[in-house]
Amino acid sequence: HSDLYAPVSGTVLEVNAALTDNPALVNQDAHGAGWMIKIQIADSASTEGLLDAAAYSAYVDSLK
């Protein structure tokens with residue numbers, strides 16, 4: 001196990017046990033079968049200002 005650094009705090013509800021046997025799922029299907037954890041966010045206001053997938057992709061592209 002290791003520490004998790006995230007922009008929000010909350011409670012881990014579920015861990016993807018499939019990654020134990022096949023950690024490559026994270027790289028193969030990160031938004032599908034390769035998910036890591038499901039969390040219940042403690043304060044929904046803490047998500048304000050976070051980027052969605054499209055905005056993050058645009059940000060990464062701007063760094064190239």
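A residue counts as partly exposed when its relative accessible area falls between the buried limit of under 20% and the exposed limit of over 50%. Ile37, at a relative accessible area of 33%, is therefore partly exposed. The model discussed here is a predicted one. The points below cover its nonpolar surface patch, its salt bridges, its ring contacts and one polar contact of a buried side chain.

**Nonpolar surface patch**

- Leu4, Val12, Val15, Met36, Ile37, Ile39 and Ile41 make up a nonpolar patch on the surface, and their accessible area together is about 620 Å².
- At least two residues of the patch come from each of strand 1 (10-15) and strand 2 (37-41).
- Strand 2 gives the largest share, three residues.
- Ile37, one of the patch residues, is located in strand 2.

**Salt bridges**

- The whole structure contains two salt bridges.
- One of them joins the side chains of Glu14 and Lys38, with an N to O distance of 3.7 Å.
- This pair connects distant parts of the chain, since Glu14 lies in strand 1 and Lys38 in strand 2, 24 residues apart.
- Both partners are partly exposed: Glu14 has a relative accessibility of 37%, and Lys38 has one of 41%.
- Asp61 and Lys64 form a salt bridge in which the closest N and O atoms are 3.4 Å apart.
- Lys64 is classed as exposed because its relative accessibility is 78%, whereas Asp61 is partly exposed at 44%.

**Ring contacts**

- Lys38, which also takes part in the salt bridge with Glu14, places its charged end over the ring of Trp35, 4.9 Å from the ring centre.
- The count of aromatic pairs comes to one.
- That pair consists of Tyr56 and Tyr59, whose ring centres are 6.4 Å apart and whose planes are at 40 degrees, an arrangement classed as tilted.
- Tyr56 and Tyr59 both belong to helix 3 (residues 53-62) and are three residues apart, so about one helical turn separates them.
- Tyr59 has a relative accessibility of 44% and therefore counts as partly exposed.

**A buried side chain with a polar contact**

- Asn16 is situated in the loop between strand 1 and helix 1 (18-21).
- Its relative accessible area is 8%, so Asn16 is classed as buried.
- A polar atom of the Asn16 side chain lies 3.1 Å from the backbone nitrogen of Ala18.

Note on methods
Residues are numbered from 1 along each chain as its sequence is written. This is a predicted model: local features need pLDDT of at least 70, side-chain atom pairs count only at pLDDT 80 or more; totals for chains, interfaces and linings use all residues. Side-chain values use heavy atoms; hydrogens and water are left out. Rings of Phe, Tyr and Trp (its six-membered ring) pair if their centres lie within 6.5 Å; planes under 30 degrees apart count as stacked, over 60 as edge-to-face and the rest as tilted. Helices (H or I, at least four residues) and strands (E, at least two) are DSSP runs, numbered from the N terminus. Buried means under 20% relative accessible area, exposed over 50%, partly exposed in between (1.4 Å probe, protein chains only). A charge sits over a ring if NZ of Lys or CZ of Arg is within 6 Å of the ring centre and within 35 degrees of the ring normal. Patches are made of residues with over 30% relative accessible area and no salt bridge: like charges are joined within 9 Å, nonpolar side chains (Val, Leu, Ile, Met, Phe, Trp, Tyr) within 5 Å. Accessible areas come from the Shrake-Rupley method with a 1.4 Å probe; for residues, only the protein chains shown count as cover. A salt bridge is a side-chain nitrogen of Lys or Arg within 4 Å of a carboxyl oxygen of Asp or Glu. A polar contact is a pair of N or O atoms within 3.5 Å; within protein, one must be able to donate a hydrogen and the other to accept it, and residues adjacent in sequence count only if both atoms are side-chain atoms.
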